[in-house]
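Student: Could you take me through one part of this structure slowly, looking at how its charged side chains pair up? I am new to it, so please also show me how that part sits within the rest.

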Amino acid sequence: MKVYAKILLWCLGTLLLSLVAFMGVSYVSMRNVDHGGVVPRLNALLMDQAIGAYESHGKPALKAELERIGRYLPGQHYLTDAGGTDLVTGIDRSQILATARPDNGPPKRFERRHVVFYPSPDGRYRFIVVFESTFDPSQYYPYYFLILLAIALLCWILATNIASPLRGLARVVDRFGAGDLSVRVNSTRKDEIGEVGRAFDRMAERIATLLTAERRLLQDISHELRSPLARLSFAAELARTAENRDAAIARLNKEIARLTDLVGGLIQVTRVEGDPEAHNTEDLRLDGLLTEVVDDCRMEAEARGSRIALEAEPALTLRGDREVLRRAIENVLRNSIRYNPAGSSIEVKLAATQDAARIAVRDYGPGVPEEFLPKIFQPFFRVDDSRDTATGGVGLGLAIASRAIGLHHGRLWAENVAPGLKVWIELPLVG
């Protein structure tokens with residue numbers, strides 16, 4: 001049985017049980033009203049007055065007393081002798097007396113005609129009270145039905161309000177399980193069902209991020225490993241057949257090193273855009289981190305005949321993963337070192353805007369054609385394949401940096417400055 005039907009049946013069952021309990025309590029309460037209380041005492045008083053009028057002044061006085069009682073109290077009242085003869089009219093009331101009962105208990109259930117009698121203390125008289133009940137339970141059935149209908153409607157609304165979002169969540173889960181990683185619940189409810197929906201969205205976001213990174217890694221590997229493996233196979237064949245085996249082995253080692261760099265870069269890209277919760281975020285000084293990266297890269301720059309000029313504004317603090325940011329800045333700086341001509345410097349500047357920090361890295365190399373500027377941050381994009389081969393790049397450094405900066409809600413872009421290329425890194429500061 002579905003949740004919708006269960007909720008509706010439980011609500012209706014609870015309603016019916018409450019209605020039956022209410023009617024039962026009401027019936028028992030009505031049976032006990034005035035039992036041994038006011039009504040029997042009042043009728044006994046009326047009997048004493050009727051007997052007193054009859055014994056004092058005869059039938060006319062008794063008739064007048066009974067008429068007076070009838071004007072103020074509902075029902076019919078008779079005073080008879082012990083055999084049931086009416087003392088006013090002389091009519092035999094024995095049949096009514098036979099159906100009457102002493103007023104020592106509540107009336108029977110749904111009894112329309114109540115007949116009770118009160119014997120006099122000396123046993124000579126019987127005071128009979130005949131009361132025709134005007135209460136008809138059936139006249140209230142339409143109201144009961146309307147109440148049941150209204151509550152059933154409310155139960156239906158309640159069941160729909162609970163079951164509908166659960167059905168929607170089930171459909172979203174089915175679509176997600178079928179491979180639609182973009183589907184989300186996007187619940188705006190403030191109750192537990194909304195919490196379940198938001199928990200699923202967070203889980204789906206993490207799974208989608210991990211699976212997307214894995215798929216991209218597999219696609220990149222399958223695409224990019226073809227050429228290195230082909231060159232490696234050629235180098236291995238050359239090492240087996242060439243006369244100069246030392247040169248062939250050197251080329252084989254070079255291809256193995258390139259392949260190792262490629263695989264390492266692919267793994268680095270995947271780690272950057274993988275599970276966000278795997279990163280260790282902390283408050284860090286960006287100026288100190290930038291100084292550390294520049295110091296690490298000075299030796300490589302000097303080996304290529306360049307130098308690095310750093311201008312850093314102090315005391316800039318942001319929140320992020322120190323190692324991921326260090327790797328991103330280092331990749332941008334090493335890219336500039338790779339294309340900067342010997343004898344020139346690489347300018348690295350750190351400044352702050354109102355709510356963000358900006359790092360500018362400029363080289364004096366050939367720059368990038370304008371139509372290729374947006375593409376240099378894509379994995380494996382090369383403006384000139386032969387130039388990248390000469391410089392040792394595989395087209396992953398800026399892609400790694402772009403994804404790392406995006407992970408920190410920042411921006412990375414580049415512009416030609418003639419001569420050279422300037423790469424901008426913008427990161428939000430701690431408020």
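Tutor: A residue counts as buried when its relative accessible area is under 20%, as exposed when that area is over 50%, and as partly exposed when it falls in between. With those limits in hand we can begin with D191, which is partly exposed because its relative accessibility is 25%, a value between the two cut-offs. Please keep in mind throughout that this is a predicted model.

The side chain of D191 meets that of R189 in a salt bridge, with 2.5 Å from N to O. The pair is one of 19 salt bridges counted in the model, and a few others deserve the same careful reading.

One of them joins D283 to R319, whose closest N and O atoms are 3.2 Å apart. This pair ties together distant parts of the chain, since D283 belongs to strand β5 (residues 281–285) while R319 belongs to strand β7 (residues 317–321), with their positions 36 residues apart along the chain. D283 is itself partly exposed, because its relative accessibility comes to 47%.

Another bridge brings the side chains of R322 and E292 together, at 3.0 Å from N to O. Here too distant parts of the chain are linked, with R322 in helix α10 and E292 in helix α9 (residues 286–303), 30 residues apart. Both partners fall in the middle class: R322 is partly exposed because its relative accessibility is 31%, and E292 is partly exposed because its relative accessible area is 30%. There is also a group in which salt bridges share partners, and this joins E300, E323, R326, R327, E330 and R334 into one network.

Helix α10 now leads us to a packing partner. This helix, residues 322–339, packs against α12 with the two axes 8 Å apart and at an angle of about 145 degrees, and the crossing of the two helices is left-handed. On the α10 side the contact is made by V324, L325, A328, N331, V332 and N335, and on the α12 side by G397, L398, I400, A401, A404, I405 and L407. If you look at helix α12 (residues 397–407) by itself, its buried residues are L398, A399, I400, A401, R403, A404 and I405. After α12 comes H409, which has a positive phi near 60 degrees.

That last value invites a word on backbone geometry. Most residues other than glycine have a negative phi, and most peptide bonds are trans. With this in mind, consider N186, which is not a glycine and yet has a positive phi near 55 degrees. N186 sits in the loop between α5 and α6, and it counts as exposed because its relative accessibility is 58%.

A418 gives a further case, for it has a positive phi of about 45 degrees although it is not a glycine. A418 lies in the loop between β10 and β11, and it is exposed because its relative accessible area reaches 70%. The peptide bond that runs from A418 to P419 is cis, with omega near 0 degrees, and P419 lies in that loop between β10 (411–416) and β11 (421–428) as well.

The helices on either side of N186 also offer something to look at. In helix α5 (residues 141–177) you will find I157, which takes part with L153, L154 and W156 in a nonpolar surface patch of about 410 Å². I157 counts as partly exposed because its relative accessibility is 44%. In helix α6 (residues 192–224) you will find A199, partly exposed because its relative accessible area is 34%; its C-alpha atom is separated by 9.6 Å from that of V185, a residue 14 positions away along the chain.

Finally, we can place these details in the whole. The protein chain has twelve helices and eleven strands, and buried residues make up 36% of its 431 residues. Among contacts with a separation of 6 or more, 63% are between residues 24 or more positions apart. The chain exposes about 25,300 Å², and carbon and sulfur atoms supply 58% of that area.

Terms used: Residues are numbered from 1 along each chain as its sequence is written. This is a predicted model: local features need pLDDT of at least 70, side-chain atom pairs count only at pLDDT 80 or more; totals for chains, interfaces and linings use all residues. Side-chain values use heavy atoms; hydrogens and water are left out. Helices (H or I, at least four residues) and strands (E, at least two) are DSSP runs, numbered from the N terminus. Buried means under 20% relative accessible area, exposed over 50%, partly exposed in between (1.4 Å probe, protein chains only). Contact means heavy atoms within 4.5 Å. Accessible areas come from the Shrake-Rupley method with a 1.4 Å probe; for residues, only the protein chains shown count as cover. Patches are made of residues with over 30% relative accessible area and no salt bridge: like charges are joined within 9 Å, nonpolar side chains (Val, Leu, Ile, Met, Phe, Trp, Tyr) within 5 Å. A salt bridge is a side-chain nitrogen of Lys or Arg within 4 Å of a carboxyl oxygen of Asp or Glu. Axes are lines fitted to C-alpha atoms, for helices over the stretch in contact, and angles run from 0 to 180 degrees between N-to-C directions. A crossing is left-handed if the near helix is turned anticlockwise from the far one by less than a right angle, and right-handed if clockwise.
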